[in-house]
Structure formats: C-alpha cells, structure tokens
Amino acid sequence: MENVTVIDHPLVQHKLSLMRRKGTPTATFRQLLLEISLLLGYEVTRDLPVEMEEIETPLTKMKAPTLAGKKLVLISVLRAGNGLLEGMLDLMPSARVGHVGLYRDPDSLVAVEYYFKVPQELGDRQVIVVDPMLATANSAIAAVQRIKEAGAVNIKMVCLLAAPEGIKAFQDAHPDVHVYTAAVDDHLNEHGYIVPGLGDAGDRLYGTK
Ligand code: PRP
Ligand code: URA
C-alpha cells in the first residue's frame, strides 16, 4: 500500500490487542488509546524539520536542534478523535488544535457534519488529523476535504485501525495525504464496522453503550 505506514511496533500491537478485547473496561480502553497515541505521535512526527539554535548548557555554548517552522496543527474528528488528541497534545503541547464534528449516519454510513473549528494559517503548517477508525473512510474523506477547503496543504492522517476498503477510498479521494495506522484489518461488515476491529470506538472510549 502506497502512502500508508503501518506502525507495527510491539508496544503498539500489544496495547491494541488489549483494546480489541471486548471485556476491556472503558477506563482501561481510554488509557491504552492515550498510550498508543504517544507512540503513533512519535512516528508521525519523525520527519519534522529542525533547525540549529545556539543555546548555553551549564558547561558551554552549543548549536542544538530545535523544531523549525510554524506550530503544528492537530485536528480531531469528534468524538473518538479526542482519544488520540489527548496524548498527541502531551507530546506536542504547543500545537494548535482544531475540531471537526462528524457522525456517521448508521443507515447510509454518510458522514454528517455538526461542528467545524480550525486554527488560521493552515496553509503554512503541518496538519495532523486524528480519528481512531478508518472504516468506509467517509468521515475521514469529508473531514480532510473540509480541512483542505480551510487552506491546509500539508496533511497527515493518523488512525488506530483501518479497513482495506477505507484505505482505498481515502487514497482515491486524497492521494496526497499519508495515512498512519497501527493495523489494517480484514474487512468491513454489512454495517460498515471493521472486522475483527474493536467495536464502536466512541462508545468504548466514553462508555455510551
Ligand atoms: C466513528 C469513528 C470515525 C468513523 C469511521 O465515528 O470515530 O469517525 O466512525 O467510520 P467511517 O470511516 O465509515 O466514516 P462515529 O460516527 O461513530 O462518531 P463518534 O466518534 O461520535 O462516536
Ligand atoms: N466506527 C467505529 O467506531 N468502529 C468501526 O468499526 C467502524 C466505524
């Protein structure tokens, strides 16, 4: 798969397996997603540009690498995206944050927007969109479309689990956006759920079912 990075680090895979278990309680599920988001965040920021800045240690002066350019933008696709956002913000505390509110109509599986608020000057910034599930990809495709309309040019998409069908649809719609995921599962079922998957990410994250 072009333009897709599967982050198969053993820690990520172990934590994901714990999340998949149907008996994993809500608080544990949330904690695991936070821990995984730190590991995914590490990978997705691997190619951030750095510049050398002169600093003074207690012993001497030196040229030290620091992040270059404007602040990153993290955009969460509500609501389950917030489960990834939290850890990413721990890693990148000065990132700007946007939110795209979308829910998937259970019958048509079409993504319906109910909220959109993103930082300004998106065109000059690296944008990282987070949503744990890429199933049909209707939500991610719609979110990225709106984010592009708001001016973003450099976009990465981070999820936890993806279906092959979703990856294909997403790449057809946004071939310029690299996808990072912890796993690509087998298929989508007739209700658009990822199989084997982990169920409904939002419900499991917030205990709403
Ligand atoms: C889930 C998930 C994604 C979407 C993925 O959100 O968080 O946004 O489904 O499905 P898709 O790829 O087929 O669009 P959901 O609509 O359940 O909303 P929620 O996050 O508010 O629970
Ligand atoms: N949304 C989820 O939360 N889980 C799926 O399996 C598919 C869409």
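How far is a backbone N or O atom of Ala201 from an oxygen atom of ligand 2? The gap is 2.8 Å. This is a predicted model, where local features need pLDDT of at least 70, side-chain atom pairs count only at pLDDT 80 or more, and totals for chains, interfaces and linings use all residues. Residues are numbered from 1 along each chain as its sequence is written, chains are lettered from A and ligands numbered from 1 in the order in which they are written, and side-chain values use heavy atoms, with hydrogens and water left out.

**Ligand 2**

- Around ligand 2 you'll find Arg104, Met133, Ala135, Gly192, Tyr193, Ile194, Gly199, Asp200 and Ala201 (a residue is near a molecule if one of its heavy atoms lies within 4 Å of it).
- That shell breaks down into five nonpolar, two polar and two charged residues (Ala, Val, Leu, Ile, Met, Phe, Trp, Tyr, Cys and Pro count as nonpolar, Asp, Glu, Lys and Arg as charged, and the others, Gly among them, as polar).
- A polar backbone atom of Ile194 is 2.8 Å from an oxygen atom of ligand 2, and a backbone N or O atom of Gly199 lies 2.8 Å from a nitrogen atom of the ligand.
- On its own, ligand 2 has 240 Å² of accessible area, and the protein covers 89% of that (areas come from the Shrake-Rupley method with a 1.4 Å probe).

**Ligand 1**

- Ligand 1 has 15 residues around it, and the closest are Arg104, Asp131, Thr136, Ala137 and Ser139.
- Two side chains reach its oxygen atoms: an N or O atom of Arg104 is 2.7 Å from one, and a polar atom of Asp131 lies 2.5 Å from one.
- The backbone joins in at Ala137, where an N or O atom lies 2.7 Å from an oxygen atom of ligand 1.
- Of the 500 Å² of accessible area that ligand 1 has on its own, the protein covers 91%.
- S5, S8 and H4 each give two or more residues to the shell around ligand 1 (helices, H or I with at least four residues, and strands, E with at least two, are DSSP runs numbered from the N terminus).
- Sorted by class, the shell around ligand 1 holds seven nonpolar, four polar and four charged residues.

**Pockets**

- Ligand 2 sits in the largest pocket, and the space taken by ligand 1 is the largest pocket too (a molecule sits in a pocket if more than half of its atoms lie within 2 Å of its grid points).
- A pocket here is an open set of points on a 1 Å grid over the protein atoms alone, where a 1.4 Å probe fits, with protein on both sides within 12 Å along at least five of seven lines; lining residues have an atom within 4 Å of a point.
- The largest pocket has a volume of about 670 Å³ (the space filled by probe spheres set on the points, which are joined across faces, edges and corners).
- Its lining has 29 residues, with Tyr103, Arg104, Tyr193, Asp200 and Gly202 the closest to its centre.
- The second largest pocket has a volume of about 410 Å³, and of its 18 lining residues, Leu48, Leu67, Ala68, Lys70 and Leu72 lie nearest its centre.

**Backbone oddities**

- The Leu78 to Arg79 peptide bond is cis, with omega near -5 degrees, and Arg79 is in the loop between S4 and helix H3 (81-91).
- Another cis bond runs from Val195 to Pro196, with omega near 0 degrees; Pro196 lies in the loop between strand S14 (194-195) and H6.

Key
Polar contact = N/O pair within 3.5 Å; in protein donor to acceptor, adjacent residues only side chain to side chain.
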